[in-house]
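Let's take a walk through a protein fold together, one step at a time. Keep the picture in view and look for each residue as we come to it.

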Amino acid sequence: QVQLVESGGGLVQPGGSLRLSCAASGFTVDYYGIGWFRQAPGKEREGVSSINWAEGSTYYADSVKGRFTISRDNAKNTVYLQMNSLKPEDTAVYYCSAAPKYGSTWYVRPLSDESYHYWGQGTQVTVSS
């Protein structure tokens, strides 16, 4: 059974940092891209970052480049999203997702939610003073 479990969300002041974790199980991660998406109230879901688990190549939305870093820990089957210099507009529910690299559009559209098959439950990030 595929499971993606996010953790690490919370309330942080503008300029602060948070690290989100996504623990993956039930599938062979080497064959997948793992992405982070977010959705703010009244807005469409937005692709934030993605990583090719096997190769380590990474992708970022322009809105988070230079502030967010995605990484993985092979031993723990966990993907992290380090978020620095947080802004109020980063407030959203953040979701972890998994896309099969083969048989999907992941290689062409790594930040499109249409490429992803599995989703976690989400974790709330609130940036406010």
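A residue is called buried if its relative accessible area is under 20%, exposed if over 50%, and partly exposed in between, using a 1.4 Å probe and protein chains only. Two notes help before we start. This is a predicted model, in which local features need pLDDT of at least 70 and side-chain atom pairs count only at pLDDT 80 or more, while totals for chains, interfaces and linings use all residues. Residues are numbered from 1 along each chain as its sequence is written, and side-chain values use heavy atoms, with hydrogens and water left out.

Let's begin with the cysteines. A disulfide is a pair of cysteine sulfur atoms within 2.5 Å, and a search of the whole structure finds 1 of them. Which residues does the disulfide join? The partners are Cys-22 and Cys-96, with 1.9 Å from S to S. Cys-22 lies in strand E3 and Cys-96 in strand E9 (residues 92-100), so the pair ties together parts that are 74 residues apart in sequence. The angle about the S-S bond is -70°, which goes with a left-handed link. Are these two cysteines buried or exposed? Cys-22 is buried, and Cys-96 is buried too.

Names such as E3 come from DSSP runs, numbered from the N terminus: helices (H or I) have at least four residues and strands (E) at least two. Two strands pair if DSSP finds at least two bridges between them. Strand E1 (residues 3-7) and strand E3 (residues 18-25) pair in the antiparallel sense over 5 bridges. Within that pairing, Ser-7 has Ser-21 in E3 as its bridge partner. E1 also shows two faces: Leu-4 and Glu-6 are on the covered one, whereas Gln-3, Val-5 and Ser-7 are on the uncovered one.

On we go to strand E8. E3 and E8 run antiparallel and are joined by 6 bridges, and E7 and E8 are likewise antiparallel with 6 bridges. Find Gln-82 in E8: Arg-19 stands opposite Gln-82, and Thr-69 also stands opposite Gln-82. Of the 6 residues in E8, 5 are buried, which leaves the strand mostly covered. E7 and E8 form a hairpin with 4 residues between them. In its turn sits Asn-77, whose phi is near 50°, a positive value in a residue other than glycine. Asn-77 is partly exposed, because its relative accessible area is 25%. Ser-85, in the loop between E8 and E9, also has a positive phi near 50°. With 41% relative accessibility, Ser-85 counts as partly exposed.

Now look inside. In soluble globular proteins, nonpolar side chains tend to be buried together. A nonpolar core is a set of buried Ala, Val, Leu, Ile, Met, Phe, Trp, Tyr and Cys residues joined through side-chain atoms within 4.5 Å. The largest such core here has 29 residues, and Ile-34, Trp-36, Leu-81, Met-83 and Tyr-94 touch the most other members. Strands E3, E4 (32-39), E5 (46-52), E7 (68-73), E8 (78-83), E9 and E11 each supply at least two residues of this core. Contact means heavy atoms within 4.5 Å. Leaving aside neighbours within four places in sequence, Tyr-94 is in contact with residues including Glu-6, Trp-36, Leu-81 and Val-125.

Another tyrosine worth finding is Tyr-116, in the loop between E9 and strand E10 (118-119). Tyr-116 counts as buried because its relative accessibility is 6%. Not counting residues up to four places away in sequence, Tyr-116 touches Ile-34, Phe-37 and Trp-106, among others. Its C-alpha lies 7.3 Å from that of Pro-100, which is 16 residues away in sequence.

Finally, consider the charges over rings. A charge sits over a ring if NZ of Lys or CZ of Arg is within 6 Å of the ring centre and within 35 degrees of the ring normal. Arg-19, which we met opposite Gln-82, lies over the face of Tyr-80, at 4.1 Å from the ring centre. The charged end of Arg-45 sits over the ring of Trp-119, 3.9 Å from its centre.
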